[in-house]
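Please open the structure in your viewer and keep the sequence beside it. The tour below suggests what to select at each stop and says what is there.

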Amino acid sequence: PNLMTVVIGLSIGFVPYVARVVRGAALRERNMPYVQAAWLQGQSGVSITLKQILPNVQPIIVAQAVSSLGFAVIDLAAVSFLGLGVQPPTADLGLMVKSGFDSLLRGQPTEAIVAGAGIVLIVWCITAIGDKLRSAPRLQVDGLRATLVTRDQTLPLLNGISLSLEPGEALGLVGESGSGKSLTTRAIMRMLDPNFRVSGDVTFDGKSVLGMNRSELRHYRGN
């Protein structure tokens, strides 16, 4: 067997798992109100899938793919170690472990240790990246402040608002009338009047909202 044969074999094992997770997330998103609203607007199924559902399940797809890659590296090394995967002279960590195992019996453990450590390091890095992608919030607000500047005075209305939203998560702002719920939402959406001064950090999909241009804001707001 060559490398392509092994890759195809591993893909047959991992793709159904990732597809099942993504399908579950897509079915959950399909029942969300924004999808129903798109149906009522007359959008086609393809348009809703590509423009509405896919962007919301994309973080899940990336995180699952990266996580599965770590297991695939281990499986590739295992089948190569057993002689069922990549064959010499193709370079492979599993073959290095196998060769080092023979040397280990002769009192020369360096090759096996280095190859094993390489596999552990690669899998650890992939897992760390997957965890980071999985835990990254879609909307992150840190220290949001809004100040109303008039001719006579400066009124601080929001002071240090912080919150985060994961993909698919809903957050409710609760408070008395006039406590700043609508003001907070409009500040996050950058929909306040020009006489407001907004500071802090608002990040959506890794991009600063406060630095977006008009076209990016239209996409961010969904219109």
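Select Thr 90, which lies in the loop between α3 and α4 (93-105); helices here are DSSP runs of H or I with at least four residues, numbered from the N terminus. Thr 90 is partly exposed, with a relative accessible area of 40%, where buried means under 20%, exposed over 50% and partly exposed in between, using a 1.4 Å probe and protein chains only. Add Leu 3 to the selection: although 87 residues separate Leu 3 and Thr 90 along the chain, their C-alpha atoms are 8.5 Å apart.

This is a predicted model, in which local features need pLDDT of at least 70 and side-chain atom pairs count only at pLDDT 80 or more, while totals for chains, interfaces and linings use all residues. Residues are numbered from 1 along each chain as its sequence is written, and side-chain values use heavy atoms, without hydrogens or water.

Move next to Ser 80, a residue of helix α3, which counts as buried because its relative accessibility is 0%. Its side chain reaches the backbone oxygen of Leu 76 at 3.0 Å. Leaving aside neighbours within four places in sequence, Ser 80 is in contact (heavy atoms within 4.5 Å) with Gly 85, Val 86, Asp 92, Gly 94, Leu 95 and Lys 98.

Now select residues 45-81, the whole of α3, whose 37 residues have end C-alpha atoms only 47 Å apart, short of the 54 Å that a straight helix would reach at 1.5 Å a residue, the expected span being 1.5 Å times one less than the number of residues. Where does α3 bend? The bend, about 55°, is at Leu 54, and Pro 55 follows within four residues; the angle is taken between axes fitted to the seven residues ending there and the seven starting there. Finish at Gly 83, just after α3, which takes a positive phi of about 85°.

Key
Helix = DSSP H or I, 4+ residues; strand = E, 2+ residues; numbered from the N terminus. Polar contact = N/O pair within 3.5 Å; in protein donor to acceptor, adjacent residues only side chain to side chain.
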